[in-house]
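Subject: Handing over a structure

Hi there,

Here is the structure I promised to pass on. Have a look at it first, and then read on for what I found in it.

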Amino acid sequence: MTAAAGSAGRMLVPLLLCALLASSGAYVLDDSDGLGREFDGIGAVSGGGATSRLLVNYPEPCRSEILDYLFKPNFGASLHILKVEIGGDGQTTDGTEPSHMHYALDENYFRGYEWWLMKEAKKRNPHIILIGLPWSFPGWLGKGFNWPYVNTKLTAYYVVSWILGAKHYHELDIDYIGIWNERSFDTSYIKVLRKMLDSQGLQRVKIIASDNLWEPISSSMLHDPELLKVIDVIGAHYPGTRVSQHAKLTEKKLWSSEDFSTLNGDVGAGCWGRILNQNYVNGNMTSTIAWNLVASYYEELPFGRCGLMTAQEPWSGHYVVESPIWVSAHTAQFTQPGWYYLKTVGHLERGGSYVALTDGLGNLTIIIETMSHKHSKCIRPFLPFYNVSAQLATFTLKGSFGEIPELQMWYTKLGKPSERVLFKQLDSLWLPDCNGTFTLELQEDELITLTTLTTGRKGSYPLPPKSRPFPRVYTDNFSVDYPFFSEAPNFADQTGVFEYYMNPEDPGEHRFTLRQVLNQRPITWAADASSPISIIGDYQWTNLTVSCDVYIENPEKGGVFIAGRVNKGGLLVRVAQGVFFWIFTNGLYRVTGDLGGWIIYSSGYVEVTAKKWYTLTLTIEMMKWRFGEVT
């Protein structure tokens, strides 16, 4: 057996030299005693919330290139699973996503962008698995309470309508449905949901619960045979590669149904590489799903750049294929849902882990990671200290794999920038004269895939356009006859929902508008602000002028504001500060230093009435501001 050559350095060593270099750990990969658990796929989340907001505004071909890096098989991340938020009108981390039913008698299955994203994913990979999960719910379901289980049948109807709408209007088959992201579950609701799915011919749609912790859902299932029967998958978030004993006793599929959420540099890539292996090695989790799919929201919002790749500049077309994309490829390009893990998986003697999977038809994929503690810390949970050091690892293929003649090799090296290698194909490993045995020389922060599959590819496109800041002058009159998306480009709703609206009664310049459409507070997931707000622009702006034509619909308690230097959004939008210029239908105007209206700079009275257009202008220069109102 010869040593592998290439810029990544020597990876394979002749067996005769093993004793000269270091003691070698020995690992057997064998299917003689059967196989382990069925593999369910690697995926990512769009939503929770509004994490793909800016993606839809990208010009072509940049937008299609981004989608290819995410979903196209044997090209980039090649994801097996797409999990999307069922928009519920509430703030769910980085913005709000619109519901398909703002009100009880309202149904619209074209709002938002998740429908479009699922179709684009399916276009690239017809076999991709689709999951829907609510974070917030429209307020009418709560009947005055901030609780979606007041009427379990009504909430089940709302969720099932979303699944049926996906099929009827978009030809999308939803494979799995969740309960309520990271919030309380209701056992009666889960049972009602199953019955309603079945009554609508949706027996194939499986239920995941509870997208929170392993407990108390696992214990509840063990004590309730009916609940145990209707739940197909136990999904936990950020499990730290560990599973509760009660979860194991259910004998259900165990998933890390949300994980990662770490800055997408090399440390984030190390986090992702480590948990993709060790979620199974330590916890028998057969699927790991990253939050989030693509960081396509303003970076200053919470968890900026915590996606598998970054696409936050539709105005320039610039995007970045971050290292987590190529870490994903190490597993996703060389496996498929329906493959099986071998029982012979585990930890390496000097740190790291290995897994092996097979399709049962003779193909084998082995993934080895040696991610150090320093370079693989996820944002959560706490990672106990451990050591990884250079080592020799000897693997022996037995059972049906003993006669494999050749393995393709793909290599990634993280850690020091000078040593960085991402998803590089090395020379093949030939095994005819080795009795299925080979030795690898492993260093820290490496990821290696050995596979019988020859379809792997590091896809690429010409470099995207250069990064540019948000345009210094930006205008929009919302004059779109038939908008493809319900939201205007680059606006990121943080509380409330702003949608294109055509007013047929106004033949003039205000026929096309952007309208805030909610009149009831949603069942919240986060701390929504008391006033609707949508943000746009550059966080770094200090001297600016904002001008907007506004129209107040409610004559009794209506009001509107424009603002600049807004410093917070997402989960923190409720405490956002800046300069806010308000007018109200009672004639009051106010300039405040915060969205809550507690810091008052100026106030007084002007002639303002509802159902009339006004132009508000706010100019901010260094520490000064001035405002005007024009009829």
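Before the strands come up, one definition: two strands are said to pair if DSSP finds at least two bridges between them. By that rule strand β7 (residues 206-212) pairs with β8, because four bridges join the two. The two strands run parallel. Please keep in mind throughout that this is a predicted model.

**The chain as a whole**

The chain holds 10 helices and 33 strands. A compact globule of 631 residues would have a radius of gyration near 25 Å, and the 27 Å of this chain agrees with that. Along the principal axes, the C-alpha trace spans about 90 × 55 × 40 Å. Of the 631 residues, 59% are buried. The accessible surface is about 25800 Å², and carbon and sulfur atoms contribute 53% of it. Among contacts with a separation of 6 or more, 70% are between residues 24 or more positions apart. As for charge, there are 54 positive and 64 negative side chains, with the centres of the two sets 2 Å apart.

**The barrel**

Which strands make up the closed barrel? There are eight, in the order β3-β4-β5-β6-β7-β8-β9-β10, and the pairing is parallel. Strands of a sheet pair through backbone hydrogen bonds, either parallel or antiparallel.

Following part of the barrel, strand β6 (residues 176-177) is joined to β7 by two bridges, and I177 has I207 as its bridge partner in β7. Further along, N212 is partnered with A236 in β8. Five bridges then link β8 to strand β9 (residues 253-260), again in parallel, with L254 in β9 as the bridge partner of I234.

Strand β8 (residues 233-237) deserves a closer look. Five of its five residues are buried. In a regular strand the side chains alternate between the two faces of the sheet. In β8, V233, G235 and H237 lie on one side and I234 and A236 on the other, and both faces are covered.

Just past this strand, Y238 sits in the loop between β8 and α8 (245-249). Phi of Y238 is near 50°, a positive value in a residue other than glycine. Y238 counts as buried because its relative accessibility is 9%, and the cut-off is under 20%.

**A covered helix and a small sheet**

Helix α2 (residues 62-71) has nine of its 10 residues buried, among them C62, R63, E65 and Y69. The cover over these buried residues includes β4 (81-86), α3 (114-124), β11, β12, β13 and α10 (323-332).

L67 is in this helix and has a relative accessible area of 0%, so L67 is buried. Beyond its neighbours within four places in sequence, L67 contacts L55, K72, W116, L117, E120 and R124. V294 is 227 residues from L67 in sequence, while their C-alpha atoms are 9.6 Å apart in space.

Three of the covering strands form an open sheet of their own, in the order β11-β12-β13 with mixed pairing. Its edge strands, each pairing on one side only, are β11 (294-295) and β13 (318-320). Strand β12 (residues 309-313) runs antiparallel to β13, joined by two bridges, and E313 has H318 as its bridge partner there.

R305 belongs to the loop between β11 and β12. Its phi is also positive, near 55°, in a residue other than glycine. Is R305 buried or partly exposed? R305 has a relative accessible area of 23%, so R305 is partly exposed.

**Two cis peptide bonds and one loop residue**

One cis peptide bond joins W291 and N292, with omega about 5°; N292 is in the loop between β10 (287-291) and β11. Another joins R380 and P381, with omega about -10°. P381 is in the loop between β17 (364-369) and β18 (391-397).

Last, T524 lies in the loop between β25 (512-516) and β26 (533-535). T524 is buried because its relative accessible area is 13%. Not counting residues up to four places away in sequence, T524 touches N146 and W180.

Happy browsing, and best wishes!

Notes. Residues are numbered from 1 along each chain as its sequence is written. This is a predicted model: local features need pLDDT of at least 70, side-chain atom pairs count only at pLDDT 80 or more; totals for chains, interfaces and linings use all residues. Side-chain values use heavy atoms; hydrogens and water are left out. The radius of gyration is taken over C-alpha atoms; the globule rule is 2.2 Å times the number of residues to the power 0.38. Buried means under 20% relative accessible area, exposed over 50%, partly exposed in between (1.4 Å probe, protein chains only). Contact means heavy atoms within 4.5 Å. Accessible areas come from the Shrake-Rupley method with a 1.4 Å probe; for residues, only the protein chains shown count as cover. Lys and Arg count as positive and Asp and Glu as negative; His and the chain ends are not counted. The place of a charge is taken as NZ of Lys, CZ of Arg, CG of Asp or CD of Glu.
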